[in-house]
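Me: I would like to learn how to read a model of this kind, one feature after another. Could we go through it together?

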Protein chains: 2
Amino acid sequence: MTGAIQEMIELLARLPGVGRRSATRLVFHLLESSPEYAVRLGTALCQFHSQIERCARCANISDRNPCPVCSDSHRDHSVICVVENIPDLWAIDAGGTYRGVYHVLHGLLAPLDGIGPDDLNIDLLSDRVKHDGIDEVIVATRPSVEGEATAMLIRQSLNQLPVRVTRIASGIPLGSELEYADARTLERAIKDRKEI
Amino acid sequence: MTGAIQEMIELLARLPGVGRRSATRLVFHLLESSPEYAVRLGTALCQFHSQIERCARCANISDRNPCPVCSDSHRDHSVICVVENIPDLWAIDAGGTYRGVYHVLHGLLAPLDGIGPDDLNIDLLSDRVKHDGIDEVIVATRPSVEGEATAMLIRQSLNQLPVRVTRIASGIPLGSELEYADARTLERAIKDRKEI
């Protein structure tokens with residue numbers, strides 16, 4: 001194993017979830033498959049970052065600015081869902097139920113890691129609430145210490161503004177078994193019970 | 001998710017072992033990491049197939065012809081290890097114990113799948129045995145129906161030639177437990193027992 005093959009294995013092994021063994025298997029797959037595919041993927045990779053832009057409004061990442069979500073007139077532009085990162089945005093949007101717009105923080109408060117309020121995309125959120133006729137801000141950060149702290153920070157930053165600020169529900173995931181839920185999730189599920 | 005991101009997910013999801021979910025995760029990793037890496041990997045992929053050659057002697061795949069194994073004068077060129085494919089060659093060579101050369105069949109006999117003797121790189125093996133002073137041919141195809149049939153075919157094709165033809169041992173893998181070995185492996189391990 002030398003030169004081009006070795007280099008390809010090393011490059012692929014740097015991808016998350018791809019160890020040296022999987023990288024070797026991928027390289028062998030490339031060797032066996034058509035050169036056309038390798039060239040298509042290669043070209044797409046070379047052009048990738050230059051085609052990608054951050055939306056000036058919501059900080060979503062796409063090949064357009066404003067992003068396809070912000071420029072979609074069929075969406076409800078009076079509701080903003082605040083998410084930690086792009087995968088979370090994709091996950092919520094893939095559901096198809098939520099038809100409002102988003103705001104991507106690109107992180108969560110984590111003082112121990114040196115991530116403070118100024119490192120998050122929060123100022124722009126207040127601006128949007130002030131100027132874009134926003135009725136509701138749904139904070140969809142994860143229910144962890146960092147996620148809750150970030151939610152509180154957002155709540156405070158919007159305190160003076162006439163907007164409803166809500167938090168996504170926490171509890172037992174649908175279809176899962178109660179006996180496998182952790183104690184804190186169960187506690188929360190009972191605390192946040194509602195009339196039926 | 002549109003355009004460049006969508007295309008990248010679809011291209012990556014075509015790799016073996018990478019589903020749509022992992023592809024999405026990989027794309028997000030690319031978005032977060034430096035453009036430099038994407039361009040390096042992209043360039044390597046575009047050039048990959050044009051840099052790769054099949055060795056005219058052993059059919060190994062590398063960026064040289066003859067391949068680094070065949071052109072390595074420190075190896076024992078009188079012993080040929082016959083393997084099914086390139087990953088098998090890499091696996092044996094990574095061990096570091098075998099210091100002979102190789103012969104890659106690029107397949108196994110599989111009449112039901114329409115793969116006959118002419119589809120395997122066997123003729124060239126007889127030529128090498130005839131002309132290159134080969135003392136031993138080790139048949140290292142897997143111990144399956146196809147692998148054994150291929151081994152028999154190689155045995156026959158070399159019948160008239162003054163060369164020792166051997167077969168790799170089958171039995172209980174080192175470090176594994178007997179109780180988990182399948183019945184046929186156990187049977188073989190007992191049948192092929194040796195003096196100690």
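Reply: Let us start with the surface through which the copies meet, bearing in mind that this is a predicted model. Of the interface residues of chain B, 100% are also interface residues in chain A, so the copies meet through the same surface.

Me: How many residues of each chain are in contact?

Reply: Here 46 residues of chain B are in contact with 46 residues of chain A. Within chain B, the residues that lose the most area to chain A are Leu45(B), His49(B) and Trp90(B), which together account for 15% of what that side buries.

Me: How much area do chain B and chain A bury between them, and what share of it is on carbon and sulfur atoms?

Reply: The two chains bury about 4,700 Å² between them, and 76% of that area is on carbon and sulfur atoms.

Me: How many salt bridges does the rule find across the interface of chain B and chain A, and how many residue pairs are in polar contact?

Reply: A salt bridge needs a side-chain nitrogen of Lys or Arg within 4 Å of a carboxyl oxygen of Asp or Glu, and by this rule there are 0 across the interface of chain B and chain A. Polar contacts are a separate count, and between chain B and chain A that count is 8 residue pairs, both residues being at pLDDT 80 or more.

Me: Which elements of chain B supply the side that touches chain A?

Reply: At least two residues each come from α1 (3–12), α2 (20–32), α3 (35–51), β2 (61–62) and α4 (86–95) of chain B. The largest share of that side, 14 residues, belongs to α3(B). Sorted by class, the side of chain B that touches chain A has 28 nonpolar, 12 polar and 6 charged residues.

Me: By what turn and shift can chain B be laid on chain A?

Reply: A turn of 180° with a shift of 0.0 Å along the axis lays chain B on chain A with an RMSD of 0.0 Å, and that is the relation of a two-fold axis. Among the residues of chain B, Gly42(B) comes closest to the rotation axis, its C-alpha being at 1.8 Å.

Me: Which domains does the assignment give for chain A?

Reply: The domain assignment gives domain 1 (3–51) and domain 2 (75–195) of chain A, and the C-alpha centres of these two domains lie 36 Å apart.

Me: Where in the backbone should I look for a cis peptide bond, and which residue has a positive phi although it is not a glycine?

Reply: In chain A the peptide bond from Asn65(A) to Pro66(A) is cis, with omega near 0°, and Pro66(A) is found in the loop between β2 (61–62) and β3 (76–83). In chain B a cis peptide bond joins Asn65(B) and Pro66(B), with omega about 0°. As for phi, His106(A) has a positive value of about 55° although this residue is not a glycine, and His106(A) is found in the loop between β4 (100–104) and α5 (123–131) of chain A.

Methods. Residues are numbered from 1 along each chain as its sequence is written. Chains are lettered from A and ligands numbered from 1 in the order in which they are written. This is a predicted model: local features need pLDDT of at least 70, side-chain atom pairs count only at pLDDT 80 or more; totals for chains, interfaces and linings use all residues. Side-chain values use heavy atoms; hydrogens and water are left out. Contact means heavy atoms within 4.5 Å. Buried area is the accessible area (1.4 Å probe) that two parts lose on being put together, summed over both. A polar contact is a pair of N or O atoms within 3.5 Å; within protein, one must be able to donate a hydrogen and the other to accept it, and residues adjacent in sequence count only if both atoms are side-chain atoms. Helices (H or I, at least four residues) and strands (E, at least two) are DSSP runs, numbered from the N terminus. Ala, Val, Leu, Ile, Met, Phe, Trp, Tyr, Cys and Pro count as nonpolar, Asp, Glu, Lys and Arg as charged, and the others, Gly among them, as polar. Copies are superposed by least squares on the C-alpha atoms of residues with pLDDT of at least 70 in both. Domain bounds come from an automatic or database domain assignment.
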